[in-house]
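Pull up the model and keep the sequence beside it. We'll start with a pair of cysteines and then work outwards to the rest of the fold.

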Amino acid sequence: MAGRKGAIAFGLVYIPVELFAATQDDAVRFNQLAKDSMKRVRYVKTCPDCKRELGPDDIVKGYQYEKGKYVVVTDEELESIKSDADRSMKIVQFANADEISPIFFEKPYQIVAQPGGERALELLRQAMLAEGKVAIGTTVLGNSETPVAIMPYGDDLVMITLHYASEVKDIPKNVQHLDVAEPELDMAKRLIDSMTEPFDPARFKNAYQEKLMDLIQSKIAGKAVVTERAAERPNNIIDLMDALTASLKQQEGGSEGAAKAPARKCTATRSSAKSGTSAEQDQAAKETDAPGDGAGKPAPKRSRKRAS
């Protein structure tokens, strides 16, 4: 699949590359239907004067410079003002990765060398890896210049678009940093250590989306939908130290149980860390109008396949 062709430029070095989108949206989407006819709702663009329905060829881009006055700009004119330098990723500086707050990260792209640029790109990757640095620069995507970070990722290089400082909102309230007792801090550290392991993204599944697809398939098959009863959550406020101690015992007990083969059936059950349906889970089923007729089909599985 074709990517976006460009280049990485720093100093007098110019490396021809292609960019491929590194992620995809797997969310289940619903079509909006008219309740009575059960037909899809249409969004029609019309002329405000003659009320005629407009097609793509009837619509142009306009910038309002005064009330009711517009200047029209064509796609060809927008492309004509882009130079080769705009299409490249201009490295401005190098920095330590931990100096970039994750709040600035936006969208990742995989970088692949075009023919003739393989050696130079690999040299850049190995040098950055050896120095523990990431590259910071700018490029033009669409009709806007955006800051980017280029960093090693395994055997590859990735480019991540960054937010401008003006786009990052301040925290709307003052954050309190209260004093904590040393025993509580030690207990929290022990709990963190007991839960530390290498990150495996395949471990995490969209459980809510799987339940959503089960619901959809059940309704297609004409089965009755059974509401899952939410587990009760404790409504009392427990002591932080007691909660840390109980969590650590539970974690250590789980680790020991996994390491030893019990001679008898284990009667202890692990309590649920979450219950009910949160507002964040409800956001997974977006109420946007989905293109195409994908009813009843599960969303595609996430993979590392490159997509432009």
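Start at Cys-50: its sulfur sits 3.7 Å from the closest cysteine sulfur, that of Cys-47, which is too far for a bond. The cut-off for calling a disulfide is 2.5 Å between the sulfur atoms, and by that rule the count for the protein is 0. Cys-47 is therefore in no disulfide either, with the sulfur of Cys-50 as its nearest cysteine sulfur at 3.7 Å. How do the two residues sit with respect to solvent, buried or exposed or partly exposed? Cys-47 counts as buried because its relative accessibility is 18%, while Cys-50 has 47% and so counts as partly exposed.

Before going further, a word on how far to trust the picture. This is a predicted model, and the pLDDT averages 79 over the protein, with 77% of the residues scoring at least 70. The weak spot is residues 258-308, where the pLDDT is below 50. That stretch still has 70 contacts in the model beyond near neighbours in sequence. Where pLDDT is low, though, the predicted coordinates should not be read in detail.

Now zoom out. The protein has 7 helices and 11 strands. Of its 308 residues, 20% are buried, and the accessible surface comes to about 24200 Å², with 55% of that belonging to carbon and sulfur atoms. If you take the contacts between residues at least 6 apart in sequence, 66% of them join residues at least 24 apart.

One place to see such a meeting of segments is Gln-114, in the loop between strand E7 (105-113) and helix H3 (118-131). Gln-114 has a relative accessible area of 15%, so it counts as buried. Leaving aside residues up to four places away in sequence, Gln-114 touches Lys-5, Gly-6, Pro-16, Val-17 and Glu-18.

Follow the chain on into H3. Its 14 residues should span 20 Å at 1.5 Å a residue, and the end C-alpha atoms are indeed 20 Å apart. Which residues of H3 are buried? They are Leu-121, Leu-124, Arg-125 and Met-128. These cover an arc of only 95 degrees around the axis, so they lie on the same side of H3. The spacing makes sense: an α-helix has 3.6 residues a turn, so residues three or four places apart point the same way. Turn H3 around and the face away from its buried side carries the exposed residues Arg-119, Leu-123, Ala-130 and Glu-131. After H3 comes Gly-132, with a positive phi near 65 degrees.

Further along, look at Thr-161 in strand E10 (residues 156-162). Thr-161 counts as buried because its relative accessibility is 4%. Not counting residues up to four places away in sequence, its contacts include Phe-104, Phe-105, Glu-106, Lys-107 and Tyr-109, along with Leu-141, Thr-146, Pro-147 and Val-148.

Finish with helix H5 (residues 207-220), which has 14 residues and reaches 20 Å from its first C-alpha to its last, close to the 20 Å expected. Its buried residues are Tyr-208, Gln-209, Leu-212, Met-213 and Ile-216. Seen down the axis of H5, they fall within an arc of 140 degrees, so they line one face of the helix. H5 is followed by Gly-222, whose phi is positive, near 80 degrees.

Conventions: Residues numbered from 1 in each chain as written. Predicted model: local features only at pLDDT ≥ 70, side-chain atom pairs only at ≥ 80, totals over all residues. Heavy atoms only, no water. pLDDT = per-residue confidence, 0-100. Contact = heavy atoms within 4.5 Å. Helix = DSSP H or I, 4+ residues; strand = E, 2+ residues; numbered from the N terminus. Buried < 20%, exposed > 50% of the residue type's maximum accessible area, 1.4 Å probe, protein only. Areas by Shrake-Rupley, 256 points an atom, 1.4 Å probe, with all protein chains shown as cover. Expected span 1.5 Å × (residues − 1). Arc of directions from axis to C-beta.
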